[in-house]
Every structure is written in structure tokens, then in C-alpha cells.
Amino acid sequence: RGFEYSDLARHPAVVLLPYTKSVMSFFELYRMNVPMFAPSLELLVQWERRHSLLKERIYWTAAPRPLRLANGTSLSPNTRDDPAALRHWLALCDFYHFPHITYFDSWPDLLAKLRCADLAATSAAMRAANRRLLDELRQQWRRLFLRMFRGAPPGSRAVPSDYDAAMRALYGHVPPSREPSCRRESRPEYGEWG
């Protein structure tokens, strides 16, 4: 059976056992102000090494590592054996970048934290953080729209009904009509890196 978001929102808290780096349900629960408990980075590194907890973190286990990584690190994102690489890459998981997530270092630590947590206060702090983020996002979009429309309110400028004329008027040129190349530079499933 499925569930309704109202069912989730009524839960006092959630314990996250992630199967990959980023899941939409984390964001949904956070926006519903549901307190969350997640493994500490060190515990997640241990679990990934011992149990491959993040089953969907590595898609191409047989593919070789690229010779160069865009971010300049030499640490492989596709390892379960190197603790330093795991710390580096797992630290980028979404739940390590949001305020008011409670981290636990072991099962006994989780139980102790669940027993003494002030879930109402945590939920209220999440609600405040969500409001601040919403305000920041609204301001960013307003600034973006001001730049896009050069200070004119959206919908106030005359746009030609002909596509080519509209593109010339708005952007100074018409994009080419041919489709861009869909050639793939890399095919990791075949061990090929572009």
C-alpha cells in the first residue's frame, strides 16, 4: 500500500538509512519539518565499507576511473575501500548540509538521542530554516527576473509573434535550427571515458 504525505507529516521523527547520496524524500520530509536522525559521516563510512549501505551510489563497478576529475581531487568516487575517498564524497550527501539534522554514531547513540530529543523544538527550528530559505529563494528569483527583463515587470514588453523576429528582438540572434549533437563523450558502462 502507498502512503499519503499527511501520514508522513504526522510522524514524530524519521531515521534515515540512505541507499544513495540524494533522495527526494529527504527534501520532502525536511519541508514538512519532520525531525530526522542520520548516521554521522564516520558511521556512514563504516557502514558503506562493511555493508555497502548506499547500494545505488556506484552504478558502474567495472568502469575504470577517469584520468582526471573535474573538481581536481584524485580520490575515486567509485570506491568502497578507501576511507579518505569515502569521507570526501559522502560528506557531499544532502543530509550533511541542512541544519537541525541529528547525527548518531552508533545504534545505542541513536536510541539515547531519540529518548532525549526535543522533537517539537527541532521541528520548529526546521520550520524557521525553511522560511528563511524560502525568503532567500524568492529574493534570488526576483533578482534573476529583474536581470532577465532588464527591470521591466514580466509580461510588460511587446514580443513579436514570429519566432525568428522575437529571438532577434530579445537576444540579438536566432539560434541555429539544427539540433545539437547528442554524441556522448563517455560510456562508462563500456569502460570508455571521453
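Biologist: Which elements are included in what covers the buried residues of helix 6?

Modeller: This is a predicted model with residues numbered from 1 along each chain as its sequence is written, in which local features need pLDDT of at least 70, side-chain atom pairs count only at pLDDT 80 or more, and totals for chains, interfaces and linings use all residues. Side-chain values use heavy atoms, leaving out hydrogens and water. In helix 6, the buried residues (under 20% relative accessible area, 1.4 Å probe, protein chains only) are Thr-122, Ser-123, Met-126, Ala-129 and Asn-130. Among the elements in contact with them (heavy atoms within 4.5 Å) are two DSSP runs (helices H or I, at least four residues; strands E, at least two), namely helix 2 and strand 2.

Biologist: How far does helix 6 reach from its first C-alpha to its last?

Modeller: Helix 6 has 30 residues, for which 44 Å is expected at 1.5 Å a residue, counting one less than the number of residues. The span in the model is close to that, at 42 Å.

Biologist: Which element gives the most to the largest nonpolar core?

Modeller: This core (buried Ala, Val, Leu, Ile, Met, Phe, Trp, Tyr and Cys joined through side-chain atoms within 4.5 Å) has 21 residues, and Phe-26, Tyr-30, Met-36 and Phe-95 have the most contacts inside it. Two or more residues come from each of several elements, including strand 2 (36–39), helix 3 (41–51) and helix 6 (119–148). The most, three residues, come from helix 2.

Biologist: Which residues does Phe-26 touch, not counting those up to four places away in sequence?

Modeller: Phe-26 is one of the residues with the most contacts inside the largest core. With sequence neighbours up to four places away left out, Phe-26 touches Leu-16, Met-36, Asp-94, Phe-95, Phe-98 and Ile-101.

Key: Buried < 20%, exposed > 50% of the residue type's maximum accessible area, 1.4 Å probe, protein only.
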